[in-house]
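Student: I am new to this structure and would like a close look at one part of it. Please take the aromatic pairs, and then show me the strands and helices around them.

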Amino acid sequence: MLLLAIDTSGKQGSIALARAGEPTAEEGDFELIEIAPLVGGTFSAQLIPQVSELLSRNGFMKTAIGAFALVSGPGSFTGLRVGLAAVKALAEVLDKPIAAVSLLEVCVFTSGAQGKIMAALDAGRNEVYVGEYEVPVQADAVPRERVLTRNEFLSQAKGWTVVTPDSGLAEVAGAAGLSVSTLEPISAADVARLGWRKIQSGKTVGPEQLEANYIRRTDAEILEKSGG
């Protein structure tokens with residue numbers, strides 16, 4: 001099965017093409033074909049042409065795609081909307097499933113850490129996106145994702161293993177005495193691997209069910225609430 005993974009959640013993005021077994025295949029039956037960068041600020045203009053070029057370069061037509069993996073959040077509101085719009089359109093035309101993944105969940109998956117894991121990402125405005133996970137996952141466990149101030153994060157992360165690709169955040173957490181694992185930058189290749197795991201578990205959605213996971217309110221919503 002050909003899997004197309006897309007990450008447009010940050011200042012820089014990427015797309016990846018992978019060959020995976022059918023959903024019933026062994027976990028190790030996964031091969032990354034190619035990963036290509038997306039330059040921030042021009043996702044809307046780049047994404048579809050880059051996908052087309054990536055497929056063509058590797059000898060595939062878009063009809064060869066068997067499933068999609070996409071970062072649905074948290075991250076840049078504009079970037080996430082661009083990624084969601086593109087995948088919705090392609091998945092609807094091709095009638096293929098979508099594995100929507102949280103960037104926080106990708107951090108936990110990539111880290112390979114066990115126990116009480118808190119994924120952390122810089123949310124700007126002196127805030128931090130956090131996701132609280134138990135690994136191995138308990139059958140009835142529901143991950144908790146939210147936005148905290150930096151001080152709240154440093155206080156509430158005590159007793160957890162913090163995983164983050166943000167070196168600045170890792171330094172602050174380490175200085176506060178927290179247990180920290182600093183990750184390599186997350187890419188669409190990581191999204192593809194977690195996406196395939198979700199596909200194997202049947203955790204996919206159709207285009208009409210795909211939604212952004214902003215976690216934080218948009219500026220427009222904040223202004224509306226404050227009467228600005």
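Tutor: Start with Tyr214, which has a relative accessible area of 22% and is therefore partly exposed. The model is a predicted one. Phe77, by contrast, counts as buried, at a relative accessible area of 17%. The cut-off between the two classes is 20%, because buried means under 20% relative accessible area.

The count of aromatic pairs comes to two. In one of them, Phe30 and Trp196 are tilted, with 6.1 Å from centre to centre and 40 degrees between the planes. Phe30 belongs to strand β3 and Trp196 to helix α6 (residues 188–200), so this pair ties together parts that lie 166 residues apart in sequence. Trp196 has 2% relative accessibility and counts as buried. Phe77 and Tyr214 form an edge-to-face pair, with centres 4.9 Å apart and planes at 70 degrees. This pair also links distant parts of the chain: Phe77 is in helix α2 (residues 77–94), while Tyr214 is in the loop between α6 and α7 (219–226), 137 residues apart.

Phe30 leads to the sheet, since strand β3 holds this residue. The sheet is open and has five strands in the order β3-β2-β1-β4-β5, with mixed pairing. β3 (30–38) and β5 (98–102) each have a single partner strand and stand at the edges, so one side of each has no neighbour in the sheet. From one strand to the next, the twist averages 20 degrees. Within this sheet, β1 (residues 2–7) and β2 (residues 13–20) are antiparallel and are joined by six bridges. Ala5 stands opposite Ala16 in β2. Helix α3 (residues 103–111) packs on the sheet and touches β1, β4 (65–73) and β5, and its direction makes about 80 degrees with that of β5.

Another aromatic residue, Trp160, has Lys116 over its face, at 4.6 Å from the ring centre. Lys116 has Glu134 in β7 as its bridge partner. The strands here are β6 (residues 115–124) and β7 (residues 127–135), which run antiparallel and are joined by nine bridges. They form a hairpin with two residues between them, and Arg125 in the turn has a positive phi of about 55 degrees. β7 also pairs with β8 (residues 144–149), in the antiparallel sense and over six bridges. In β8, Thr149 is the bridge partner of Glu127.

Methods:
Residues are numbered from 1 along each chain as its sequence is written. This is a predicted model: local features need pLDDT of at least 70, side-chain atom pairs count only at pLDDT 80 or more; totals for chains, interfaces and linings use all residues. Side-chain values use heavy atoms; hydrogens and water are left out. Two strands pair if DSSP finds at least two bridges between them. Helices (H or I, at least four residues) and strands (E, at least two) are DSSP runs, numbered from the N terminus. Axes are lines fitted to C-alpha atoms, for helices over the stretch in contact, and angles run from 0 to 180 degrees between N-to-C directions. Contact means heavy atoms within 4.5 Å. Rings of Phe, Tyr and Trp (its six-membered ring) pair if their centres lie within 6.5 Å; planes under 30 degrees apart count as stacked, over 60 as edge-to-face and the rest as tilted. Buried means under 20% relative accessible area, exposed over 50%, partly exposed in between (1.4 Å probe, protein chains only). A charge sits over a ring if NZ of Lys or CZ of Arg is within 6 Å of the ring centre and within 35 degrees of the ring normal.
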